[in-house]
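Here are my notes on the model you sent over. Have it open beside you and follow along point by point.

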Amino acid sequence: MKESDTIPHDDDAAVPRWYVIQCKGGESFRATENLVNQDYEVFHPVLEVQKKRRGKLTWVTEPLFPSYLFIRLDRLVSNWRPIRSTRGVLRLVSFGDTPIAVDNDLVATLRDKGSERDQDANLYFQAGEAVQITDGPFKELQAVFESHKGEERAIVLLNMLHRQQRLVMPVTSLRRR
């Protein structure tokens with residue numbers, strides 16, 4: 001048994017703590033599922049974002065910290081091999097051979113922020129954001145995003161003839177400046 005398979009014992013060893021697991025690239029969801037199936041308490045913060053896929057905006061679930069997740073462990077557990085050999089897991093984040101505990105308040109804050117997240121906060125563009133038009137007769141012009149109009153259209157403000165003109169166009173015809 002390697003030294004990293006055991007955790008040093010101290011007065012707080014019986015109190016479960018949060019640790020960070022580094023996952024193999026793109027496998028944090030797989031690692032989470034496999035660790036939960038082994039009855040570990042896992043926190044994998046995710047967020048819903050809109051992305052362009054094949055020219056259309058779709059909602060996608062992405063990890064808040066790509067390739068990382070949190071696991072709650074009792075330090076008196078001496079065998080950490082099941083974690084290291086779990087599919088999707090690369091390693092337990094450590095300093096030397098000692099896994100580093102994360103402050104419980106940090107994980108609690110992340111959980112609270114995740115639960116109060118507003119759907120409107122994750123729209124592809126935000127009102128007032130500077131955008132550039134990428135298609136059509138106004139291609140390469142700068143505009144200001146005003147609002148969404150349905151799922152695939154947007155209203156932008158474009159300065160023309162010394163006035164702001166409202167234009168409705170496909171969201172896919174815009175990009176951040």
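1. First, the hairpin between strand 12 and strand 13. Eight bridges hold these strands together in the antiparallel sense, with strand 13 covering residues 163–170. If you want a register check, look at Ile-155: its bridge partner in strand 13 is Val-168. The hairpin has two residues between the strands, and Leu-161 takes a positive phi there, near 55°.

2. Keep in mind that this is a predicted model. With that said, the overall make-up is three helices and 14 strands. The protein has 177 residues, and 33% of them count as buried.

3. Strand 12 also has a neighbour on the N-terminal side in sequence: strand 11 (residues 142–149) pairs with strand 12 (residues 153–160), antiparallel, over five bridges. Here the pair to look for is Phe-145 and its bridge partner in strand 12, Val-156. This hairpin has three residues between its strands, and Gly-150 is the one to click on, with a positive phi near 80°.

4. Now the aromatics. How many aromatic pairs does a search of the whole structure find? It turns up three. In one of them, the ring centres of Phe-43 and Phe-70 are 6.0 Å apart and the planes sit at 25°, so this pair is stacked. Phe-43 belongs to strand 2 (residues 41–43) and Phe-70 to strand 5 (residues 68–73), so the pair ties together parts that are 27 residues apart in sequence.

5. Are the two stacked rings on buried or exposed residues? Phe-43 has 12% relative accessibility and therefore counts as buried, the cut-off being under 20%. Phe-70 is buried too, with a relative accessible area of 7%.

6. Phe-70 has another aromatic partner, Phe-65. That pair is edge-to-face, with 6.2 Å from centre to centre and 80° between the planes. Phe-65 comes out as partly exposed, because its relative accessibility is 33%. Put together, Phe-43, Phe-65 and Phe-70 make one aromatic cluster.

7. Two whole-protein numbers to finish. Take the contacts between residues at least 6 apart in sequence: 62% of these join residues at least 24 apart. As for the surface, the protein exposes about 11000 Å², and carbon and sulfur atoms supply 50% of that area.

Note on methods. Residues numbered from 1 in each chain as written. Predicted model: local features only at pLDDT ≥ 70, side-chain atom pairs only at ≥ 80, totals over all residues. Heavy atoms only, no water. Pairing = 2+ DSSP bridges. Helix = DSSP H or I, 4+ residues; strand = E, 2+ residues; numbered from the N terminus. Phe/Tyr/Trp six-rings, centres within 6.5 Å; stacked < 30°, edge-to-face > 60°. Buried < 20%, exposed > 50% of the residue type's maximum accessible area, 1.4 Å probe, protein only. Contact = heavy atoms within 4.5 Å. Areas by Shrake-Rupley, 256 points an atom, 1.4 Å probe, with all protein chains shown as cover.
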